[in-house]
Amino acid sequence: MSKLVQCIPNFSEGRRPEVVQAIVDAISRASDVRVIDHSMDADHNRSVATFLGTPEDVWRSAVAGARAAVGLIDLNKHTGEHPRIGAVDVIPVVPIRDVSMDEAVALSQNIGADVARQLLVPVYLYEASARSTDRTNLAEIRKGGFEALRNLELEGDRRPDLGPSKLHPTAGAVVVGARGPLVAFNVNLGTDDVTVARAIASKMRKLRDSGVALPGVK
């Protein structure tokens with residue numbers, strides 16, 4: 001049986017089905033990966049594709065999907081509820097079968113290097129691929145979003161791991177990394193008071209960080 005990796009790129013487009021389909025088609029055509037799911041959310045204005053394949057095939061298809069997203073999505077015209085820093089916002093790779101985390105990290109670095117070199121998009125490495133502890137958490141890398149960073153030189157703690165030191169003018173930056181399996185879901189609160197959401201999140205973080213409960217929850 002061949003090595004198997006899962007890739008779950010998130011794209012900043014959830015309102016134009018034709019754009020999402022073009023990105024998914026680019027992923028499918030680039031290699032022998034199997035696209036097992038893709039979905040889009042209009043409120044978040046975001047879509048997610050899930051595909052499986054060998055490390056080499058995932059590499060080719062991830063870069064192809066990023067290339068399509070960079071060509072089709074302009075963040076200057078993008079609005080939505082979900083935090084984002086890039087047209088292709090994050091590219092996680094997950095080792096599934098006969099692939100070590102070290103191999104998955106190497107794969108993520110190869111994907112990031114190609115995105116930086118071929119598409120001229122800055123790349124941040126996160127999770128197991130992070131080169132420093134402050135880059136492990138995706139939320140920290142995305143802080144401020146595209147609008148806060150688009151006119152800045154990316155220096156100091158904002159300097160990307162790969163690629164140019166300025167956001168791509170329409171596609172922003174990409175976060176790439178290897179991680180374990182993850183389940184993400186949204187909770188709707190019966191209030192529009194954001195301080196309630198922040199208080200809940202703060203309590204959850206304290207429980208997790210203290211080791212009392214909620215291990216692995218973000």
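This is a short walk through the structure above, from the whole chain down to a few single residues. Keep in mind as you look around that the model is predicted.

Let us begin with the overall build. The protein chain contains six helices and seven strands. If you trace these elements along the sequence, they come in the order β-β-α-β-β-α-β-α-β-α-α-β-α. To picture the space they take up, imagine a box of roughly 45 × 40 × 35 Å along the principal axes, which the C-alpha atoms fill. The radius of gyration tells a matching story: a compact globule of 218 residues would have a value near 17 Å, and the protein chain has 17 Å, so the two agree.

How do the parts of the chain meet one another? Among contacts with a separation of 6 or more, 72% join residues that are 24 or more positions apart. As for what is hidden, buried residues make up 43% of the 218 residues. On the outside, the accessible surface comes to about 11400 Å², and carbon and sulfur atoms account for 52% of that surface. The chain also carries 27 positive and 27 negative charges, and the mean positions of these two sets are 2 Å apart.

Now step inside. The largest nonpolar core has 51 residues, and Ile91 and Ile111 are the ones with the most contacts inside it. Isoleucine 111 is a good place to pause and look around. Setting aside neighbours within four places in sequence, isoleucine 111 touches Val58, Trp59, Ala62, Val63, Ile91, Val93 and Val176. Ile91, the other residue singled out in the core, is thus one of the contacts of isoleucine 111.

Next come two loop residues whose backbone may catch your eye. Asparagine 45 is not a glycine, yet it has a positive phi of about 50°. You will find asparagine 45 in the loop between strand 3 (34-41) and strand 4 (46-53). Is this residue buried or exposed? Asparagine 45 counts as buried, because its relative accessibility is 5%, and buried means under 20%.

Leucine 120 also has a positive phi, of about 60°, although it is not a glycine. Its loop runs between helix 3 (101-119) and strand 6 (123-127). Here the relative accessibility is 56%, so leucine 120 counts as exposed; the cut-off for exposed is over 50%.

Helix 3 is also home to glutamate 103, which is partly exposed with a relative accessible area of 34%. This residue shows how the fold brings distant stretches of sequence into the picture. Glutamate 103 and valine 5 are 98 residues apart in sequence, while their C-alpha atoms are 10.0 Å apart in space. Beyond its neighbours within four places in sequence, glutamate 103 is in contact with Lys3 and Asp98.

Our last stop is alanine 128, in the loop between strand 6 and helix 4 (138-142). Alanine 128 is partly exposed, with a relative accessible area of 40%. Which residues does alanine 128 contact, leaving aside its neighbours within four places in sequence? They are Met101, Val105 and Ala178. Methionine 101 lies 27 residues away from alanine 128 along the chain, and their C-alpha atoms are separated by 7.7 Å.

Definitions and conventions
Residues are numbered from 1 along each chain as its sequence is written. This is a predicted model: local features need pLDDT of at least 70, side-chain atom pairs count only at pLDDT 80 or more; totals for chains, interfaces and linings use all residues. Side-chain values use heavy atoms; hydrogens and water are left out. Helices (H or I, at least four residues) and strands (E, at least two) are DSSP runs, numbered from the N terminus. The radius of gyration is taken over C-alpha atoms; the globule rule is 2.2 Å times the number of residues to the power 0.38. Buried means under 20% relative accessible area, exposed over 50%, partly exposed in between (1.4 Å probe, protein chains only). Contact means heavy atoms within 4.5 Å. Accessible areas come from the Shrake-Rupley method with a 1.4 Å probe; for residues, only the protein chains shown count as cover. Lys and Arg count as positive and Asp and Glu as negative; His and the chain ends are not counted. The place of a charge is taken as NZ of Lys, CZ of Arg, CG of Asp or CD of Glu. A nonpolar core is a set of buried Ala, Val, Leu, Ile, Met, Phe, Trp, Tyr and Cys residues joined through side-chain atoms within 4.5 Å.
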